[in-house]
Amino acid sequence: MHDTHQVEHVERGEAPAGIDGVGDARRALGGFLRARRGRVSPEQAGLPGGRRRRVHGLRREELAQLAGISVDYYVRLEQGRATQPSPEVLDALATALGLGTAERRHLATLAGAPAGPAPGTRVGPVLQRIVDGMAGLPVFVTTHRLDAVAWNHLGSELAGGLAEPGRRDRNQAAYLFLDPAARDVFPEWEDRAVEAVGQLRVAAGRYPDDAELTALVTGLSARSADFRRIWATGEVVMCAAGRKRVRHPRAGLLTLDYQTLHVPALPGETGLVMHVFTPETDSREAAALARLAAGPSD
């Protein structure tokens, strides 16, 4: 079995401006609403704009008008003084803000869904055998905090050396934002960074009492201006499938399809996600992975 020790997160610090409500569900709701209304222009919402506006996006009163609620009530929502808004209010706000399915779910979570305990991170022997058995495909497993807790040979190779102690931080977000090598491994670094922040935002909304997650987010926000910039956009991401490019020192630039698989819970534990990458049949990438799987040539 691979070494799956917990990563040492960045040091916890005070959250800089823009890291709203980490560890505080009420403030998180207000922070998310502020970030998202800042991304909607009056013109997009069918309202008159103007050149002398001093705010980015919609004003509070404009969003309240679009959602059909009082300005006072909306202000109390943003300030964390109003709790558990009705489904009708949430739907109206989501529609006015142009939220997608994942973002609507995140909004509902922040607005009062009961917070459960943070998921466990233990990798069971069956899951580890499955990961090892998929030797021809790059595979790694992460927690809701984006800690890599299991991987196979190809998964380690394509993720920057997970199997090599000390080579890279085994938290994917810390690696992306604090290790310059990540920008070489992932050519579309900005896209990968947005994904990581969006996933951490979802996790923070679901598990506001997770001290390790709070420490990770506040530590990254203290040390990375890019993390603060992306967090401030209110991005929400729930990865499922797609295509990514990865650069490997021997195999070169590879374009791979990926699928994320949610692992059934062990007793009392949930939340592990398996990331599986696959090349197109008979492609250059397929041949490159086969060579990597065979190991270094003599």
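This report covers the nonpolar cores, aromatic contacts, internal spaces and unusual backbone angles of a predicted model.

## Nonpolar cores

The largest nonpolar core holds 39 residues. Phe-177, Leu-200, Leu-220 and Phe-227 touch the most other members. Helix α10 gives the largest share of this core, 7 residues. A second core stands separate and has 27 residues. Among them are Phe-32, Ala-67, Tyr-74 and Leu-110. In soluble globular proteins, nonpolar side chains tend to be buried together.

Tyr-74 also belongs to helix α3, residues 71-78. Tyr-74 is buried there, as are Tyr-73, Val-75, Leu-77 and Glu-78. Glu-78 is a charged residue by class, yet it is on this buried list.

## Aromatic pairs

The whole structure contains 5 aromatic pairs. One of them joins Phe-140 and Phe-277. Their ring centres are 6.0 Å apart, and their planes meet at 25°. That angle makes the pair stacked, because the cut-off for stacking is under 30 degrees. Phe-140 sits in strand β1 (residues 139-142) and Phe-277 in strand β5, so the contact ties together parts 137 residues apart in sequence. Phe-140 has 11% relative accessibility and counts as buried. Phe-277, at 8%, counts as buried too.

The pair of Phe-177 and Phe-227 has another geometry. The ring centres lie 5.3 Å apart with the planes at 80°, so this pair is edge-to-face. Phe-177 comes from helix α8 (residues 172-178) and Phe-227 from helix α12 (residues 225-231), so the contact ties together parts 50 residues apart in sequence. Both residues are buried. Both are also among the residues that touch the most other members of the largest core.

## Aromatic cluster and charges over rings

Phe-177 and Phe-227 share one aromatic cluster with Trp-189 and Trp-231. Trp-231 has a charged partner as well. The charged end of Arg-201 sits over the Trp-231 ring, 4.4 Å from its centre.

Another arginine is placed in a similar way. Arg-168 lies over the face of Tyr-175, at 3.8 Å from the ring centre.

## The largest pocket

The largest pocket has a volume of about 420 Å³. Its lining counts 21 residues. Gln-199, Arg-206, Met-238, His-262 and Val-273 are the closest to the pocket centre. Three elements each give two or more residues to the lining: α10 (189-206), β4 (252-262) and β5 (273-278). The largest share is 4 residues, from α10.

By class, the pocket lining has 10 nonpolar, 10 polar and 1 charged residue. Arg-206 is in this lining, and arginine counts as charged.

## Enclosed cavities

The model has 2 cavities of 30 Å³ or more. The largest cavity contains about 260 Å³ of space. It is lined by 19 residues. Phe-140, Gln-172, Glu-195, Lys-244 and His-275 are the closest to its centre. Phe-140 is thus a cavity residue as well as a member of the stacked pair.

Several elements give two or more residues to this lining: β1, α7 (153-158), α8, α10, β3 (241-248) and β5. Again α10 gives the largest share, 4 residues. The lining divides into 11 nonpolar, 5 polar and 3 charged residues. Glu-195 and Lys-244 lie in this lining, and both belong to the charged class.

Helix α10 therefore recurs: it gives the largest share of the largest core, of the pocket lining and of the cavity lining.

## Positive phi angles

Most residues other than glycine have a negative phi. Two residues here depart from that pattern. Leu-146 has a positive phi of about 70°. Leu-146 lies in the loop between β1 and β2 (148-151). With 6% relative accessible area, Leu-146 is buried.

Asp-282 has a phi near 60°, also positive. Asp-282 lies in the loop between β5 and α13 (284-294). With 76% relative accessible area, Asp-282 is exposed. A glycine has a positive phi too: Gly-80 follows α3, and its phi is near 75°.

Methods. Residues are numbered from 1 along each chain as its sequence is written. Side-chain values use heavy atoms; hydrogens and water are left out. On a 1 Å grid over the protein atoms alone, a cavity is a set of points where a 1.4 Å probe fits but cannot get out, and a pocket is an open set with protein on both sides within 12 Å along at least five of seven lines; lining residues have an atom within 4 Å of a point. Grid points are joined across faces, edges and corners, and a volume is the space filled by probe spheres set on the points. Rings of Phe, Tyr and Trp (its six-membered ring) pair if their centres lie within 6.5 Å; planes under 30 degrees apart count as stacked, over 60 as edge-to-face and the rest as tilted. Buried means under 20% relative accessible area, exposed over 50%, partly exposed in between (1.4 Å probe, protein chains only). A charge sits over a ring if NZ of Lys or CZ of Arg is within 6 Å of the ring centre and within 35 degrees of the ring normal. A nonpolar core is a set of buried Ala, Val, Leu, Ile, Met, Phe, Trp, Tyr and Cys residues joined through side-chain atoms within 4.5 Å.
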